[in-house]
Structures are given as C-alpha cells and as structure tokens.
Amino acid sequence: MVYYVYVIRLDDSVTHSRKFRRLNPDLNLEFPCFYVGQSVHNPEVRFWQHKNGYKSNYFAKEFGLGLCPQFYEGLNPIKTRSEAESLEEKLTKDLREKGYGAWSH
C-alpha cells in the first residue's frame, strides 16, 4: 500500500472561522489558506471524497476550491503511513511559518 499527501486551496472566507484563526495566529490575510492531508487515495480522488462528504474534513468540504499540486509535486507516492503523517505535519508547519493559513489533522 502507498500513501499520498495533498494540499487543497481554501476559499478566503475560511478566515472568518475562529477555530481556523486560533490555529493560525500568524496568518497573513493577504495570503491564501490551505488544507493539508494524507491518504491511501491519490489527491484527485481524495479531494472529491472531501467535497462529497465521504470521511471529509469540514474545512476541505465547505471551503475547498481545488488541489495545489505545486506543494506536493515529487513527494508522492509515500511508502508508509508514518512517513505520510510526518510529511503532512511538516507541510502544514512550513505553510504556517510563511504566513499562510493551514489546517490538517
């Protein structure tokens, strides 16, 4: 089994969520926001699962606009779930450190 990381662009209105803002205290409101995830499904399949409500994250379902492959190109496929989870965490942290809003599990 292989795993994938993916990044979804979120609509700017996600910044109205106190929950989202609380986890992104250094958010630059002029930068876009993202959802970062990992899955056994390829990014395209997983994006549509979110949008259709299948095991979806609220922010990805309600605010997801589309995939941003420039953030995960060359990273997939990943051999283990542990590696995928670590990479998901790293991508989220990197985006936040640059001033982007980012959400992940």
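Tyrosine 100 is partly exposed in this predicted model, with a relative accessible area of 22%. That value lies above the 20% under which a residue counts as buried. Tyrosine 100 sits in the loop between α4 and β4, and its ring pairs with that of phenylalanine 31. Phenylalanine 31 belongs to the loop between α1 (18-22) and β2, 69 residues apart from its partner, so the pair links distant parts of the chain. Phenylalanine 31 also counts as partly exposed, at 31% relative accessibility.

A pair of aromatic rings is described by the distance of the centres and the angle of the planes. Here the centres are 5.1 Å apart and the planes stand at 40°, so the pair is tilted. The whole structure holds 12 aromatic pairs. Elsewhere, one aromatic cluster is formed by Phe20, Tyr58, Phe59, Phe63 and Trp103.

Phe20 also leads to asparagine 24, because the backbone oxygen of phenylalanine 20 lies 2.9 Å from a polar atom of the asparagine 24 side chain. Asparagine 24 is in the loop between α1 and β2 and is buried, with a relative accessible area of 3%. Leaving aside residues up to four places away in sequence, asparagine 24 touches Arg96, Tyr100, Gly101 and Ala102.

Arg96 falls within helix α4, which spans residues 81-97. This helix has 17 residues and reaches 24 Å from its first C-alpha to its last, close to the 24 Å expected at 1.5 Å a residue. An α-helix has 3.6 residues a turn, so residues three or four places apart point the same way. In α4 the buried residues are Ala84, Leu87, Glu88, Leu91, Thr92 and Leu95. They cover an arc of only 135° around the axis, which puts them on the same side of α4. On the other side, Glu89, Lys93 and Glu97 are exposed. The cover over the buried residues of α4 includes β1 (4-10), β2 (33-39) and β4 (101-103). After α4 comes glycine 99, whose phi is positive, near 100°.

Helix α2 (residues 43-51) can be read in a similar way. Pro43, Arg46, Phe47, Gln49 and His50 are buried in α2. Seen down the axis, the buried residues of α2 fall within an arc of 160°, so they line one face of the helix. What they pack against is β1, β2, α3 (58-63) and β3 (64-67). At the N-terminal end, asparagine 42 caps α2, with a side-chain oxygen 3.1 Å from the backbone nitrogen of glutamate 44. Glycine 53 follows α2, and its phi is positive, near 90°.

The cysteines remain. A disulfide is a covalent bond between the sulfur atoms of two cysteines. The count of disulfides in this model is zero. Cysteine 33 is in no disulfide, and the nearest cysteine sulfur, that of cysteine 68, is 11 Å away. Disulfide sulfurs must be within 2.5 Å, so the sulfur of cysteine 68, at 11 Å from that of cysteine 33, is too far for a bond. Both residues are nevertheless buried: cysteine 33 has a relative accessible area of 1%, and cysteine 68 has one of 7%.

Terms used. Residues numbered from 1 in each chain as written. Predicted model: local features only at pLDDT ≥ 70, side-chain atom pairs only at ≥ 80, totals over all residues. Heavy atoms only, no water. Helix = DSSP H or I, 4+ residues; strand = E, 2+ residues; numbered from the N terminus. Expected span 1.5 Å × (residues − 1). Buried < 20%, exposed > 50% of the residue type's maximum accessible area, 1.4 Å probe, protein only. Arc of directions from axis to C-beta. Contact = heavy atoms within 4.5 Å. Phe/Tyr/Trp six-rings, centres within 6.5 Å; stacked < 30°, edge-to-face > 60°. Polar contact = N/O pair within 3.5 Å; in protein donor to acceptor, adjacent residues only side chain to side chain.
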